[in-house]
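Here is a quick tour of a protein model, written for someone who would rather be at the bench. Have the structure open while you read.

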Amino acid sequence: MYKVLIPKTISNTGVEYLLEKGCEVIIGAPSSPDDPRLEDCDAILPGGKSKIRYDQEVLDRCRNCKIIANFSAGYEHVDTLYAEQVGIQVTNAGTANSNAVAEHTLFLLLACAKNHEIMSKAARTGSFSIRADVFNLELQGMTLGIIGFGNIGRRVAEKAVHGFGMKVLVYSPSLTKEQLPDGIRLASDEKEIYQTADFISLHVPLTEKTRYMVSKEQFDLMKPSAYIINVSRGGIIREEDLINAIEEKKISGAGLDVFEQEPLPVDSPLFRYENIIISPHCAANTVQALENMELYAAKDIWRVLNGEEPEFPVNHPRKNLP
């Protein structure tokens with residue numbers, strides 16, 4: 001009988017699947033890196049906000065573990081390279097929450113274009129005269145720049161083109177124009193995105209390479225009328241530089257679902273600006289996505305424990321059969 005450690009459930013779909021397969025499911029977050037449950041489990045199903053970082057110290061204790069299957073798209077809490085060295089497969093939720101996050105991206109984009117914070121506050125106080133002073137944008141014909149073209153970035157692009165009639169320009173280092181759907185154009189580099197797009201949406205994982213990939217240099221390139229959207233991970237945007245760009249009117253605003261510090265402190269300067277739309281890292285939190293996320297992770301656990309290839313790998317360890 002395989003033992004699967006699930007620090008926190010989000011829907012029970014994965015738990016039910018594994019129980020049906022005859023696995024022993026152990027629910028509860030490890031209290032420390034030397035928690036004995038880490039040594040006993042054959043698989044771990046953590047989330048993107050794991051209390052434990054699965055670094056070399058922790059992975060060395062996971063002597064029986066063959067797979068760490070994350071129910072989130074992010075996996076920055078796992079040292080994937082060291083896991084690969086010791087034969088531990090790492091997976092993520094793949095396409096489980098792609099549509100949910102893509103829809104939330106467009107929600108933030110619309111909220112920026114329609115001045116949602118300003119208009120909502122004015123309406124609630126009876127100040128309908130705001131209509132004479134603040135004007136909204138139509139998305140049709142405007143350019144959306146997308147950096148990162150995985151499952152989520154691709155869905156955002158398709159919805160923007162076919163749903164709103166936007167022009168879409170994308171950049172990803174290994175992407176070729178032959179891989180792009182109709183109506184979507186490949187940028188020559190990131191600089192072209194920042195210089196030409198009316199809205200810029202980030203869809204990259206948080207790594208040492210992408211940390212603070214959007215800071216003063218990028219804001220200086222953007223049009224004063226442009227907005228930036230981040231539903232990926234906090235830390236991709238340097239928030240201090242974003243605030244300065246807003247203060248100095250280098251850009252028109254932002255839509256943020258993720259932050260350098262979460263929860264966002266109540267005294268965060270980001271709350272001062274009505275042209276920064278904020279949501280509490282909830283892009284993936286739809287009923288459908290939460291069910292899929294845990295289930296997809298559980299299915300990859302069962303595949304790997306039975307010697308099969310996972311559907312959503314993020315590293316490539318040597319074969320580690322049960």
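## Strands and crossovers

Let's start with a β-α-β unit: β10, α10 and β11 make one, and it is right-handed. Keep in mind as you look around that this is a predicted model. The strands β10 and β11 run parallel and are joined by four bridges. If you want a spot to click on, I229 has G255 in β11 as its bridge partner.

On the other side of the story is β9, covering residues 199–202, which pairs with β10 in the parallel sense, again over four bridges. Here F199 stands opposite Y227 in β10. Another right-handed β-α-β unit is made by β9, helix α9 (residues 216–221) and β10.

Now for the side chains of β10, which spans residues 227–230. Y227 and I229 point one way, while I228 and N230 point the other way. All four of these are buried.

## Aromatic pairs

How many aromatic pairs does the count come to? The count is three. One of them is F199 with Y227: the ring centres sit 5.3 Å apart and the planes are at 15°, so this pair is stacked. Since F199 belongs to strand β9 and Y227 to strand β10, the pair ties together parts that are 28 residues apart in sequence. Both rings belong to buried residues, with F199 at 0% relative accessibility and Y227 at 9%.

Y296 and F312 also form a stacked aromatic pair, at 5.8 Å centre to centre with 10° between the planes. Y296 lies in helix α11 (residues 287–305) and F312 in the segment after α11, so this pair ties together parts that are 16 residues apart in sequence. Y296 is partly exposed, with a relative accessible area of 23%, whereas F312 is buried at 13%.

## Cavity and pocket

Rolling a probe the size of a water molecule over the atoms shows where empty space is left. Searching the whole structure this way turns up one cavity of 30 Å³ or more. The largest cavity holds about 40 Å³ of space. Its lining is made of N230, R233, G234, G235, I236, I237, E239, L242, L256 and V258. By class, that lining has five nonpolar, three polar and two charged residues.

The second largest pocket holds about 450 Å³. Which residues lie nearest its centre? They are Y75, E76, L206, T207 and R211, out of 20 residues that line this pocket. The lining divides into five nonpolar, seven polar and eight charged residues.

## Backbone oddities

Most residues other than glycine have a negative phi, and most peptide bonds are trans. A few places here are worth a look with that in mind. The peptide bond from E262 to P263 is cis, with omega near -5°. You will find P263 in the loop between β11 (253–256) and β12 (276–278).

N115 is not a glycine, but its phi is positive, near 50°. N115 sits in the loop between α5 (98–113) and α6 (116–124). Is N115 buried or exposed? With a relative accessible area of 13%, N115 is buried.

K249, also not a glycine, has a positive phi of about 60°. Look for K249 in the loop between α10 (239–247) and β11. K249 counts as exposed, because its relative accessibility is 65%.

Terms used: Residues numbered from 1 in each chain as written. Predicted model: local features only at pLDDT ≥ 70, side-chain atom pairs only at ≥ 80, totals over all residues. Heavy atoms only, no water. 1 Å grid on protein atoms, 1.4 Å probe; cavity = no way out; pocket = protein on both sides within 12 Å on 5 of 7 lines; lining within 4 Å. Points joined across faces, edges and corners; volume = space filled by probe spheres on them. Nonpolar A, V, L, I, M, F, W, Y, C, P; charged D, E, K, R; others polar. Helix = DSSP H or I, 4+ residues; strand = E, 2+ residues; numbered from the N terminus. Buried < 20%, exposed > 50% of the residue type's maximum accessible area, 1.4 Å probe, protein only. Pairing = 2+ DSSP bridges. Right-handed = clockwise from strand over helix to strand, strands pointing away. Phe/Tyr/Trp six-rings, centres within 6.5 Å; stacked < 30°, edge-to-face > 60°.
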